[in-house]
Amino acid sequence: MIPSFELKRNYNQVRKETLAALDKVLESSQFILGPAVAQFEEEAAAYLGTSHALGCASGSDALLLALHALDVGPGDKVVTTPFTFFASVSAITRLGATPLFVDVKEDTYLLDPQALLEAMDDPAVKVVMPVHLFGQMVELDEVMAKAKAKGIKVVEDTAQAFGAARRVGDKIIKAGTWGDIGGYSFFPTKNLGCFGDGGMVSTDDEALFQRLSRLRVHGAGDQYYHDEVGYNSRLDAMQAAVLSVRLRYLEEWTEARRAVAQRYELMFAQKGLDEFVTLPREAANNRHVYHQYVVRAKDRDALQAHMTAQGVATRVYYPLSLHLQRCFAFLGYQPGQMPVSERLTSEVLALPMFPELTADEQQQVVDAVAKFYR
Ligand SMILES: *Cc1c(COP(=O)(O)O)cnc(C)c1O
């Protein structure tokens, strides 16, 4: 079976260093915050080119902390996409705020900047939360300018795009550092993953950094003195140690993912399957880090069953647009309101994608797809 994702080959490359790093934490007995977390935060901030990075318990918490730090609450609207993982939107409703969904673009699966700009005219909009889905950045060029002009804050869900970047004018902007706060996930399958749950927020704003620092430790400034009620949401020292090792390899692994994507393109081109399968597109000016390699396929469900029978694991991200989830029924959205997102849910299929995937394995994947349509 060719897996859709696998970690074993990856771990073998860094096994020695990882075990040494873990041993160091175990010897130090400093498991909550402490030097290992501080070191990783410094390294992550340097990699991203941002002033502050702050570890937290998960990507879901990163988004929750970010919105809380911006005082998002009842009566506020947060503009975001219905075509994303659940946690992007639950962060909004958990604070009592209202998600305002905007449809996505068919070719990139990302929020449509034009629709985003229009949604920002709603006076209740406090935050825009773009999701850099599958590994490439949403086009925020005009959105950022409008947000600044209107005092709307921007929180980037960067859970799937650590290392992605975009050229804007003569600047290269890393995913998560464009808006006011970036939220990252280190869930094991993410491009930069740890060996459990983990997450991070980043910001260039000193006041937001101070607020976020308090919120992750129960809202305490000085220990046992609480100015507000916060969370228990810290990055484990063990996970931070693992992440420091893995961050050193991230560029190499990202380039390997991009090479995998390029090979898929060549292999599919040789089969002439254009009328059945649409490959993912790297938008102009973007550095796509291919967290997932998601195609749109005719007869998706039948193709997926065929692939399983052929020994190729595939996944569907995502089978139900979030505006139609039962738990969000109270928002009052109806089928047909987000036509592109809804259509994508029945067309998308994620093919195997991880840095160590071999050309032979990829050829088997592409052959299996071709066999289905012939
Ligand atoms: C993974 C993910 C999250 C949540 O991250 P966790 O670490 O699993 O809590 C949020 N948003 C998106 C788009 C994700 O893919």
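Is aspartate 71 buried, partly exposed or exposed, and at what relative accessibility? Point 4 takes this up, after notes on a helix and the ligand.

1. The model is a predicted one. Helix α3 spans residues 59-69, and 10 of its 11 residues are buried, so the helix is largely enclosed by the rest of the structure. Among the buried residues are Gly59, Asp61, Leu63, Leu64, Leu65, Leu67 and His68. At the N-terminal end of α3, serine 58 acts as a cap, with a side-chain oxygen 3.3 Å from the backbone nitrogen of serine 60.

2. The ligand is surrounded by 15 residues, and the closest are Gly59, Ser60, Asp157, Ser185 and Lys190. By class, the shell holds 5 nonpolar, 8 polar and 2 charged residues. Helices α3 and α4 (86-94) each contribute at least two residues to this shell. The ligand takes up the space of the largest pocket.

3. Several polar atoms lie beside oxygen atoms of the ligand. Glycine 59 places a backbone N or O atom 2.7 Å from a ligand oxygen. Glutamine 160 has a polar side-chain atom at 2.8 Å from a ligand oxygen, and for serine 185 a polar side-chain atom lies 2.6 Å from one. The protein covers 93% of the 380 Å² of accessible area that the ligand has on its own.

4. Aspartate 71 comes just after α3, in the loop between α3 and β2 (77-80). Aspartate 71 counts as partly exposed because its relative accessibility is 47%, and the partly exposed range runs between 20% and 50%. Its phi is positive, about 60°, although aspartate 71 is not a glycine. Most residues other than glycine have a negative phi.

5. Histidine 218 also has a positive phi, near 65°, and is a residue other than glycine. Histidine 218 sits in the loop between α7 and α8 (237-247). With a relative accessible area of 38%, histidine 218 is partly exposed.

6. Tyrosine 317 and tyrosine 318 are joined by a cis peptide bond, with omega about 5°. Tyrosine 318 belongs to the loop between α10 (300-309) and α11 (339-345). Most peptide bonds are trans.

7. Aspartate 204 lies in the loop between β9 (199-203) and α7 (206-215). Its relative accessibility of 46% makes aspartate 204 partly exposed. From aspartate 204 to threonine 158 the separation is 46 residues in sequence and 16 Å in space, C-alpha to C-alpha.

Technical notes
Residues numbered from 1 in each chain as written. Predicted model: local features only at pLDDT ≥ 70, side-chain atom pairs only at ≥ 80, totals over all residues. Heavy atoms only, no water. Buried < 20%, exposed > 50% of the residue type's maximum accessible area, 1.4 Å probe, protein only. Helix = DSSP H or I, 4+ residues; strand = E, 2+ residues; numbered from the N terminus. Polar contact = N/O pair within 3.5 Å; in protein donor to acceptor, adjacent residues only side chain to side chain. Near = heavy atom within 4 Å. Areas by Shrake-Rupley, 256 points an atom, 1.4 Å probe, with all protein chains shown as cover. 1 Å grid on protein atoms, 1.4 Å probe; cavity = no way out; pocket = protein on both sides within 12 Å on 5 of 7 lines; lining within 4 Å. Sits in = over half its atoms within 2 Å of the grid points. Nonpolar A, V, L, I, M, F, W, Y, C, P; charged D, E, K, R; others polar.
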